[in-house]
Amino acid sequence: METKTQRGYLVLADISGFTSYLAKSELDHALGILRDLLEVTSTSLRSLLDLSKLEGDAVFLYASESKVRRGETLLEVVESTYVTFRRRLDAVHGRTKCSCKACGNIPSLDLKFMTHFGEYGVQTIAGTIELIGSDVNLVHRLLKNRISDTVGWRGYALFTKQALEQMGISAEGFLQNEEMYDHLGSVATYTTHLHERFEELTAARRFFLEPKDAHMSVEKDLPAPPVVVWEWLNDPAKRELWSGLTVKPLVRPKGRTMEGARNHCVHGKEVIVEDILDWRPFDYFTVRSAAPLGDIVTTMTLEANGERTRLVDRTRFEPKSPLLKPFSKLLLRMMYRVFKIEQRYSALEQRIATSTK
């Protein structure tokens, strides 16, 4: 038996209300529903994290610090997983014709996340990987918190101070609390209400450039799943590697990247201000870039295809002068050549291919 100590994120996704649900439901139907919900939850989280094990009505996962370079991606994966869970919950309840209590009580279920950053030992016993350590114990103890009692939230994401700091995310907009545990002491926590984020992320598209409205379109098949491609598109350090742009965050609503955020993009002597108009992690995002002659509006969609991603870049040029409007498409084509857009996407493909080997 060999034990290796590592540092990284420890994430526990737990189905809220399942004990009560199980007590009021038929066992065979209830277990089938639990299996389905755990499957969609673990599948979504494994886009970034490694599965440690299933724990009854919970999923325990982890990722070394080297695997998650952009901390915001972890938050986005948690939120995206919650959206997937809620949609599956609603779909199962909506389409069932069964009158049993297990099917009728589905809306009483919810999902919560505990995330901590620390040390953990990885040991293999009888061919099974097991995580051990005080930080592993802590992330499990976090399930016993006062969030539901104090604010009534049942679907939420709780982060320890260590996790939030490692992710590089501001505490703005989070509910700050302090929990006390025997043998572990005081733990500072930061929690976000996932019901509110679900409503934001599932609202109707607000700024999405349809094919018929685009002046230019570029498609690229990339050798990585959407979570990985998303990080290469939005992590400033990675983005600079393939685009040549030095990206500096100027505005971050709630201390994170989302609708209303603004970037300062520098390429040589050229400076571009980039505003994020719509932000739907791992699905699409829309930005407006201010150019000397007008604004460039771009929607990038990520379409999963197994372990690959079809990236579609649709762009429209909106000139400042009405006199230039008839030449919008021509001007945009010229900009594409000047900024070497297609060469940049080829560089992106090469970077991703190299990093995934």
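Colleague: Which residues does Leu74 touch, not counting residues up to four places away in sequence?

Modeller: Keep in mind that this is a predicted model. Leu74 touches Tyr9, Val11, Leu48, Leu49, Val68, Thr115 and Met167, with residues up to four places away in sequence left out.

Colleague: Which members of the largest nonpolar core touch the most other members?

Modeller: They are Ile15, Leu74, Phe113, Leu233 and Leu348, in a core of 77 residues. Helix α3 (residues 71-95) gives this core its largest share, nine residues. Another core lies apart from it and has 19 residues. Met114, Val122, Leu138 and Trp153 are among them.

Colleague: Leu138 also sits in a helix, α5. Which residues of α5 are buried?

Modeller: Start with the general idea. An α-helix has 3.6 residues a turn, so residues three or four places apart point the same way. Now the case. In α5 (residues 134-141), Val136, Leu138 and Val139 are buried. Down the axis, these buried residues fall within an arc of 160°, so they line one face of α5.

Colleague: And which residues are buried in α11?

Modeller: Helix α11 spans residues 328-338, and its buried residues are Ser328, Leu331, Leu332, Met335 and Tyr336. Their arc around the axis is only 145°, which puts them on the same side of α11.

Colleague: What covers the buried residues of α11?

Modeller: The cover includes strands and a helix: β9 (216-222), β14 (294-305), β15 (308-319) and α12 (341-355).

Colleague: Where does Leu323 lie, and is Leu323 buried or exposed?

Modeller: Leu323 lies in the loop between β15 and α11. Its relative accessibility is 69%, so Leu323 counts as exposed. Compare its position with Pro225. The two are 98 residues apart in sequence, and their C-alpha atoms are 43 Å apart in space.

Colleague: Which residues make the nonpolar surface patch?

Modeller: Leu22, Leu27 and Leu31 make a patch of about 240 Å². Take Leu31. Leu31 belongs to helix α2 (residues 27-45). Its relative accessible area is 37%, so Leu31 is partly exposed.

Colleague: Next, backbone angles. What is the phi of Lys254?

Modeller: The general idea first. Most residues other than glycine have a negative phi. Lys254 is not a glycine, yet its phi is positive, about 60°. Lys254 sits in the loop between β10 (246-251) and β11 (262-267). With a relative accessible area of 41%, Lys254 is partly exposed.

Colleague: What is the phi of Phe282, and where does Phe282 lie?

Modeller: Phe282 is not a glycine either, and its phi is positive, about 70°. Its place is the loop between β12 (270-280) and β13 (284-291). Phe282 is buried, at a relative accessible area of 13%. One further case follows α11: Lys340 has a positive phi, near 50°.

Colleague: Now charges. How many salt bridges are there?

Modeller: Again, the idea first. Side chains of opposite charge can pair when their charged atoms come close. The cut-off here is a side-chain nitrogen of Lys or Arg within 4 Å of a carboxyl oxygen of Asp or Glu. By this rule the count is 24 salt bridges.

Colleague: Which parts does the pair of Arg88 and Asp36 tie together?

Modeller: The side chains of Arg88 and Asp36 meet at 2.7 Å, N to O. Arg88 is in helix α3 and Asp36 in helix α2, so this salt bridge ties together parts 52 residues apart in sequence. Arg88 is partly exposed, with a relative accessible area of 28%. Asp36 is partly exposed too, at 24%.

Colleague: With which residue does Asp110 form a salt bridge?

Modeller: With Arg154; the closest N and O atoms are 3.7 Å apart. Asp110 lies in strand β4 (residues 110-125), and Arg154 in the loop between α6 (147-151) and β6 (156-160), so the pair ties together parts 44 residues apart in sequence. Asp110 is buried, at 2% relative accessibility. Arg154 is partly exposed, at 31%.

Colleague: Are Arg280 and Asp278 buried or exposed?

Modeller: Arg280 is buried, with a relative accessible area of 6%. Asp278 is buried as well, at 0%. The two form a salt bridge, with the closest N and O atoms 2.9 Å apart.

Colleague: Which residues are linked in a network of salt bridges?

Modeller: Glu79, Arg197, Glu200, Lys254 and Arg256 are linked in such a network. Lys254 is also the loop residue with the positive phi of about 60°.

How values were computed. Residues are numbered from 1 along each chain as its sequence is written. This is a predicted model: local features need pLDDT of at least 70, side-chain atom pairs count only at pLDDT 80 or more; totals for chains, interfaces and linings use all residues. Side-chain values use heavy atoms; hydrogens and water are left out. Buried means under 20% relative accessible area, exposed over 50%, partly exposed in between (1.4 Å probe, protein chains only). Helices (H or I, at least four residues) and strands (E, at least two) are DSSP runs, numbered from the N terminus. The arc is that of the directions from the helix axis to the C-beta atoms. Contact means heavy atoms within 4.5 Å. Patches are made of residues with over 30% relative accessible area and no salt bridge: like charges are joined within 9 Å, nonpolar side chains (Val, Leu, Ile, Met, Phe, Trp, Tyr) within 5 Å. Accessible areas come from the Shrake-Rupley method with a 1.4 Å probe; for residues, only the protein chains shown count as cover. A nonpolar core is a set of buried Ala, Val, Leu, Ile, Met, Phe, Trp, Tyr and Cys residues joined through side-chain atoms within 4.5 Å.
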